Protein chains: 2
Amino acid sequence: MAASFKSDEARFKIALCQMLVTSDKERNIVHARKAIEEAANKGAQLVLLPEIWNSPYSNDSFPVYAEDIDAGGDASPSTAMLSELSRNLQITIVGGSIPERSGDKLYNTCCVFGTDGKLKAKHRKIHLFDIDIPGQMTFKESLTLTAGDSPTIVDTDVGRIGIGICYDIQFQELAMLYAARGAHLLCYPGAFNMVTGPLHWELIQRARAADGQLFVATCSPARDTNAGYVAWGHSTLVGPFGEVIATTEHDEAIVIEEIDYSLIDQRRTFLPFQKQRRGDLYQLVDVQRRNTELTK
Amino acid sequence: MAASFKSDEARFKIALCQMLVTSDKERNIVHARKAIEEAANKGAQLVLLPEIWNSPYSNDSFPVYAEDIDAGGDASPSTAMLSELSRNLQITIVGGSIPERSGDKLYNTCCVFGTDGKLKAKHRKIHLFDIDIPGQMTFKESLTLTAGDSPTIVDTDVGRIGIGICYDIQFQELAMLYAARGAHLLCYPGAFNMVTGPLHWELIQRARAADGQLFVATCSPARDTNAGYVAWGHSTLVGPFGEVIATTEHDEAIVIEEIDYSLIDQRRTFLPFQKQRRGDLYQLVDVQRRNTELTK
């Protein structure tokens, strides 16, 4: 985290860019660029993009639209644009996600860029979306994608941010682990659908915020009823009491709202869950952090 | 659990008895008796009572209304009534909670009675309600009460039930631990207030149900705006997709609804969270169970 960052003083604007995603990758990149520029012009210091914003959300498309993020430059025009914009506009970008090619594997990957344009973190979706609700919704990301193997939390100019992608939000342990590591904000690019959206989208993000007493921001693609996978939309910002601060419907929109981190301390003073937890009865083990400590 | 219990076949009616609680203990006991009898007459096989149903909810009242549950008989008229009714009516009763005196300590305690009238489990509230929201809600149970030191899960004729009392529901770890121990249903007698009720009551019970993919039932006292502590009401039954199956407003009411445990398996097949968890990244340790296994 920037040495000057003080969470109890921090107020800034976040933008959730709920974009329509098409099958034209070049258009998607131009479209995302415009949305980010508009958000920055309106004062956003943190911009969040949707899950899989440069490609249709389908197993057929992932290999075709995938980019080699580590190679960078021409091998990854989507993230090159994010890097350029974050530096030029001096904003932090949580770049939704794109299909990533790495060797012979594909991932669903979120890149976080700092105000200097540098790639600060790369989160590969940990929990792949494999569900089967007969007659309603069937999808199996694991047919083409490989799961990431690490939680991702990153210190930025706008606080300590934990990253999850879509289905990752269903696993409360990940959010608990981020809260325990000191996150102020959890960002979930996500494309819930017309079945899981009404059921769980708002409920789960409010629950993660209320339980962790921190901010949660989600960003979905806009709904395209002609697409193979129809997104729920409803990009939302939730505060540390589980209250919806800002949201939108399913059309294209840029949600811009202020985040005030001082609310986190206030909520935790009112309801001191952290001190009241019963470590003599239950403990969440953060396996990677424990292993790091054991090898020190 | 009864050897004949098969969760995938089990359907039964639950009753949530949202009762008005007065300062007249004898009246409260008679009143609870009537509510339970009415619920059983309407086919309920499981009856849930509110938190602190035999006494006003106040630190002044707890010592005065407390009973010695272990001594039983005349030392605990409230639980003697529950035992008698569960045997006579052949129902399972999750007896809300009452102030319990044990030696020189007081607890907020829930007793579970089987269809044979026997006390099957006794849960002492683990997380005491100590909160301070200036100008809105201040309460400190720990001024008079001692916290329990054990999770409580019990096999009954109507499934495996995890018990929490009110503020216990705010701690997701307890619900996770019960789910991991195979609970079908979590019962939370609770008396949220006019501040925490609108904020968290429905949200948190829906989240516990959706995350654990199990049933959650809550039961509150009816609202008495003349009481020192004004309860939110809204006793509710939630299903394993986080859906509200039945609820009520704040007046006296007996909510009766069918529980169908086959929905649990169905939900878990559709969304196989349990198999998809990443034990390589996070693990919830059930401390007492681990210690039991270590000493075997």
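In strand β10 of chain B, Gly159(B) is the bridge partner of Thr156(B). This pair belongs to a predicted model. Thr156(B) sits in β9(B), on the covered face of that strand, together with Thr152(B) and Val154(B). The uncovered face of β9(B) holds Ile153(B) and Asp155(B). β9(B) pairs with β10(B), residues 159-163, in the antiparallel sense. The pairing runs over 5 bridges. The two strands form a hairpin, with 2 residues between them.

Now follow the chain back from the hairpin. Glu141(B) lies in the loop between β8 (137-140) and β9 (152-156) of chain B. Glu141(B) forms a salt bridge with Lys125(B). The closest N and O atoms of this pair are 3.0 Å apart. Lys125(B) is in the loop between β6 and β7 (130-133) of chain B, so the salt bridge links parts of the chain 16 residues apart. Are these two residues buried or exposed? Both Glu141(B) and Lys125(B) are buried.

Strand β6 of chain B takes part in further salt bridges. Glu100(B) and Arg124(B) meet through their side chains at 2.9 Å, N to O. Glu100(B) is in strand β4 (residues 98-102) of chain B, and Arg124(B) is in strand β6, 24 residues away. Glu100(B) has a relative accessible area of 0%, so Glu100(B) counts as buried.

Asp70(B) and Lys122(B) also form a salt bridge, at 2.6 Å from N to O. Here the separation along the chain is 52 residues. Asp70(B) is in the loop between α2 (61-65) and α3 (77-89) of chain B, while Lys122(B) is in strand β6 (residues 119-124) of chain B. Why does Asp70(B) count as exposed? Its relative accessibility is 53%, and the cut-off for exposed is over 50%. Lys122(B) is partly exposed, at 22%.

Turn to chain A. Asp70(A), Glu100(A), Lys122(A) and Arg124(A) are linked in a network of salt bridges. Over all chains, the count comes to 34 salt bridges.

Next comes the interface. How many residues of each chain are in contact? The contact involves 50 residues of chain A and 50 residues of chain B. The buried area between the chains is about 4,400 Å². Carbon and sulfur atoms give 61% of that area. Three residues stand out on chain A: Phe270(A), Leu281(A) and Tyr282(A). They supply 15% of the area that chain A buries against chain B, more than any other three residues.

Polar and charged links cross the interface too. Between chain A and chain B there are 4 salt bridges. In one salt bridge, Glu173(B) meets Arg277(A), with the closest N and O atoms 2.6 Å apart. Across the interface, 22 residue pairs are in polar contact, both residues at pLDDT 80 or more. Which elements supply at least two residues each to the side of chain A that touches chain B? Among them are α4 (172-180), α5 (196-212), α6 (262-270) and α8 (287-294) of chain A. The largest share, 9 residues, comes from α5(A). By class, this side has 27 nonpolar, 12 polar and 11 charged residues.

Strand pairing also joins the two chains. β16(A) pairs with strand β16 of chain B, residues 282-286, in the antiparallel sense. This pairing counts 5 bridges. Within this pairing, Val285(A) stands opposite Gln283(B).

Technical notes:
Residues numbered from 1 in each chain as written. Chains lettered and ligands numbered in written order. Predicted model: local features only at pLDDT ≥ 70, side-chain atom pairs only at ≥ 80, totals over all residues. Heavy atoms only, no water. Contact = heavy atoms within 4.5 Å. Buried area = accessible area lost by both parts, 1.4 Å probe. Polar contact = N/O pair within 3.5 Å; in protein donor to acceptor, adjacent residues only side chain to side chain. Helix = DSSP H or I, 4+ residues; strand = E, 2+ residues; numbered from the N terminus. Nonpolar A, V, L, I, M, F, W, Y, C, P; charged D, E, K, R; others polar. Pairing = 2+ DSSP bridges. Buried < 20%, exposed > 50% of the residue type's maximum accessible area, 1.4 Å probe, protein only.
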